[in-house]
Amino acid sequence: MLTSVERLLFVRAVPIFQELRDDFLVRLASVMDELSFPADHTIFTQGQEGRSLYIVVSGLVRVHIGDRDLAQLKEGACFGEMSLFDAEPRSASVTTIKSCNCLMLTQLQLYDAIDETPGIAINIIRLLSRRIRELNSRVNAYEAKSSAPDLTRAGNNLSG
(Lines give C-alpha, C1' and ligand atoms only; values in the text may rest on other atoms or scores of the structure.)
Protein backbone atom coordinates (compact mmCIF):
# COMPACT_ATOMS: atom_id res chain seq x y z
CA MET A 1 0.00 0.00 0.00
CA LEU A 2 1.15 3.50 -0.79
CA THR A 3 1.23 6.14 1.91
CA SER A 4 -0.71 9.35 1.25
CA VAL A 5 2.48 11.18 0.29
CA GLU A 6 3.69 8.36 -1.99
CA ARG A 7 0.28 8.23 -3.65
CA LEU A 8 0.30 12.00 -4.25
CA LEU A 9 3.84 11.91 -5.69
CA PHE A 10 2.95 8.97 -7.92
CA VAL A 11 -0.31 10.49 -9.23
CA ARG A 12 1.45 13.83 -9.85
CA ALA A 13 3.87 12.05 -12.24
CA VAL A 14 1.11 10.38 -14.32
CA PRO A 15 0.85 12.28 -17.65
CA ILE A 16 -2.91 12.93 -17.54
CA PHE A 17 -2.62 14.50 -14.09
CA GLN A 18 0.64 16.46 -14.50
CA GLU A 19 -0.91 19.88 -15.06
CA LEU A 20 -3.30 19.75 -12.13
CA ARG A 21 -2.96 21.66 -8.87
CA ASP A 22 -1.62 19.81 -5.84
CA ASP A 23 -4.72 20.49 -3.75
CA PHE A 24 -6.83 18.82 -6.42
CA LEU A 25 -4.37 15.93 -6.79
CA VAL A 26 -4.46 15.30 -3.04
CA ARG A 27 -8.23 14.91 -3.21
CA LEU A 28 -8.13 12.79 -6.36
CA ALA A 29 -5.36 10.53 -5.06
CA SER A 30 -7.21 10.00 -1.79
CA VAL A 31 -10.37 8.66 -3.47
CA MET A 32 -8.63 6.17 -5.77
CA ASP A 33 -8.72 2.53 -4.76
CA GLU A 34 -5.46 0.58 -4.70
CA LEU A 35 -5.76 -2.92 -6.16
CA SER A 36 -3.29 -5.81 -6.39
CA PHE A 37 -3.39 -8.47 -9.09
CA PRO A 38 -1.29 -11.63 -9.45
CA ALA A 39 0.61 -12.49 -12.65
CA ASP A 40 -1.56 -13.80 -15.53
CA HIS A 41 -4.72 -12.22 -14.08
CA THR A 42 -7.29 -10.71 -16.44
CA ILE A 43 -8.21 -7.29 -15.07
CA PHE A 44 -10.99 -6.88 -17.61
CA THR A 45 -12.11 -8.53 -20.82
CA GLN A 46 -12.95 -7.09 -24.21
CA GLY A 47 -16.71 -6.55 -24.42
CA GLN A 48 -17.16 -6.13 -20.67
CA GLU A 49 -18.92 -3.04 -19.39
CA GLY A 50 -16.47 -0.70 -17.74
CA ARG A 51 -16.63 2.50 -15.79
CA SER A 52 -13.11 2.84 -14.43
CA LEU A 53 -9.60 3.94 -15.32
CA TYR A 54 -6.56 2.07 -14.00
CA ILE A 55 -3.03 3.37 -13.43
CA VAL A 56 -0.16 0.91 -13.16
CA VAL A 57 1.75 1.58 -9.92
CA SER A 58 4.04 -1.43 -10.29
CA GLY A 59 4.22 -4.49 -12.49
CA LEU A 60 3.43 -4.96 -16.16
CA VAL A 61 0.19 -5.49 -18.08
CA ARG A 62 -0.60 -6.35 -21.65
CA VAL A 63 -3.47 -4.89 -23.64
CA HIS A 64 -4.74 -7.44 -26.13
CA ILE A 65 -7.55 -8.59 -28.36
CA GLY A 66 -7.62 -12.34 -28.11
CA ASP A 67 -4.04 -13.55 -28.54
CA ARG A 68 -2.89 -10.40 -30.40
CA ASP A 69 -0.99 -7.97 -28.18
CA LEU A 70 -1.67 -4.27 -28.74
CA ALA A 71 0.57 -2.83 -26.03
CA GLN A 72 2.47 -3.51 -22.84
CA LEU A 73 2.07 -0.94 -20.10
CA LYS A 74 4.32 -0.35 -17.10
CA GLU A 75 4.51 1.99 -14.13
CA GLY A 76 2.72 5.29 -14.67
CA ALA A 77 0.68 4.12 -17.67
CA CYS A 78 -3.09 4.21 -17.56
CA PHE A 79 -5.68 2.06 -19.29
CA GLY A 80 -9.45 1.79 -19.40
CA GLU A 81 -9.89 5.53 -19.86
CA MET A 82 -12.23 5.25 -22.87
CA SER A 83 -14.91 3.59 -20.74
CA LEU A 84 -15.04 6.66 -18.52
CA PHE A 85 -16.51 8.76 -21.32
CA ASP A 86 -18.61 6.44 -23.42
CA ALA A 87 -20.98 3.73 -22.35
CA GLU A 88 -19.45 1.30 -24.81
CA PRO A 89 -18.02 -2.09 -23.82
CA ARG A 90 -14.26 -2.45 -23.30
CA SER A 91 -12.43 -2.39 -26.65
CA ALA A 92 -9.68 -4.79 -25.53
CA SER A 93 -8.69 -7.06 -22.67
CA VAL A 94 -6.00 -6.27 -20.10
CA THR A 95 -4.04 -9.05 -18.42
CA THR A 96 -1.14 -8.83 -16.01
CA ILE A 97 2.23 -10.13 -17.18
CA LYS A 98 3.82 -9.71 -13.75
CA SER A 99 2.06 -9.21 -10.46
CA CYS A 100 0.69 -5.71 -10.53
CA ASN A 101 -0.51 -2.93 -8.26
CA CYS A 102 -2.90 -0.40 -9.73
CA LEU A 103 -4.83 2.65 -8.69
CA MET A 104 -8.42 2.73 -9.91
CA LEU A 105 -10.51 5.83 -10.59
CA THR A 106 -14.23 5.31 -11.20
CA GLN A 107 -16.39 7.28 -13.59
CA LEU A 108 -18.27 8.93 -10.73
CA GLN A 109 -15.02 9.96 -9.01
CA LEU A 110 -13.72 11.38 -12.29
CA TYR A 111 -16.90 13.32 -13.07
CA ASP A 112 -16.84 14.85 -9.60
CA ALA A 113 -13.19 15.78 -10.22
CA ILE A 114 -13.95 17.30 -13.64
CA ASP A 115 -16.73 19.42 -12.11
CA GLU A 116 -14.13 20.78 -9.71
CA THR A 117 -11.19 20.99 -12.16
CA PRO A 118 -12.10 20.84 -15.88
CA GLY A 119 -8.40 20.63 -16.85
CA ILE A 120 -8.37 16.92 -16.13
CA ALA A 121 -10.76 16.37 -19.06
CA ILE A 122 -8.35 18.19 -21.40
CA ASN A 123 -5.47 15.98 -20.25
CA ILE A 124 -7.47 12.79 -20.82
CA ILE A 125 -8.54 14.04 -24.27
CA ARG A 126 -4.84 14.61 -25.09
CA LEU A 127 -4.01 11.07 -23.98
CA LEU A 128 -6.81 9.61 -26.12
CA SER A 129 -5.74 11.72 -29.11
CA ARG A 130 -2.14 10.54 -28.74
CA ARG A 131 -3.28 6.91 -28.64
CA ILE A 132 -5.47 7.39 -31.73
CA ARG A 133 -2.56 8.99 -33.61
CA GLU A 134 -0.28 6.08 -32.65
CA LEU A 135 -2.89 3.60 -33.82
CA ASN A 136 -3.40 5.49 -37.09
CA SER A 137 0.34 5.47 -37.65
CA ARG A 138 0.48 1.71 -37.08
CA VAL A 139 -2.45 1.11 -39.41
CA ASN A 140 -0.91 3.30 -42.12
CA ALA A 141 2.46 1.53 -41.81
CA TYR A 142 0.74 -1.86 -41.98
CA GLU A 143 -1.32 -0.87 -45.03
CA ALA A 144 1.73 0.58 -46.79
CA LYS A 145 3.68 -2.61 -46.12
CA SER A 146 0.91 -4.94 -47.25
CA SER A 147 0.00 -2.96 -50.39
CA ALA A 148 3.56 -2.29 -51.57
CA PRO A 149 4.38 -4.13 -54.79
CA ASP A 150 7.00 -6.84 -54.60
CA LEU A 151 9.73 -5.24 -56.70
CA THR A 152 12.10 -8.15 -56.35
CA ARG A 153 10.02 -10.24 -58.74
CA ALA A 154 8.92 -7.33 -60.90
CA GLY A 155 12.54 -6.28 -61.39
CA ASN A 156 13.19 -9.42 -63.44
CA ASN A 157 10.54 -8.39 -65.93
CA LEU A 158 11.68 -4.82 -66.43
CA SER A 159 13.32 -3.91 -69.68
CA GLY A 160 15.37 -0.85 -69.84
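**Getting to know Ser52 and its protein**

Mentor: Let's start with Ser52, which sits in strand 3, residues 52-58. This is a predicted model, where local features need pLDDT of at least 70, side-chain atom pairs count only at pLDDT 80 or more, and totals for chains, interfaces and linings use all residues. Residues are numbered from 1 along each chain as its sequence is written, and side-chain values use heavy atoms, with hydrogens and water left out.

Trainee: What makes a stretch count as a strand or a helix?

Mentor: Both are DSSP runs numbered from the N terminus: H or I over at least four residues for a helix, E over at least two for a strand. The protein has 5 helices and 8 strands, in the order α-α-β-β-β-β-β-β-β-β-α-α-α from the N terminus.

Trainee: Why is Ser52 called buried?

Mentor: Its relative accessible area is 8%, and buried means under 20% (exposed is over 50%, partly exposed in between; 1.4 Å probe, protein chains only). So Ser52 is buried. Of the protein's 160 residues, 38% are buried too.

Trainee: Which residues does Ser52 touch?

Mentor: Leaving out residues up to four places away in sequence, its partners include Phe79, Arg90 and Met104. Contact means heavy atoms within 4.5 Å.

Trainee: How do you know what radius of gyration a compact globule of 160 residues would have?

Mentor: The rule is 2.2 Å times the number of residues to the power 0.38, and the radius is taken over C-alpha atoms. That puts such a globule near 15 Å, but the protein has 20 Å. Its C-alpha atoms fill a box of roughly 75 × 35 × 30 Å along the principal axes.
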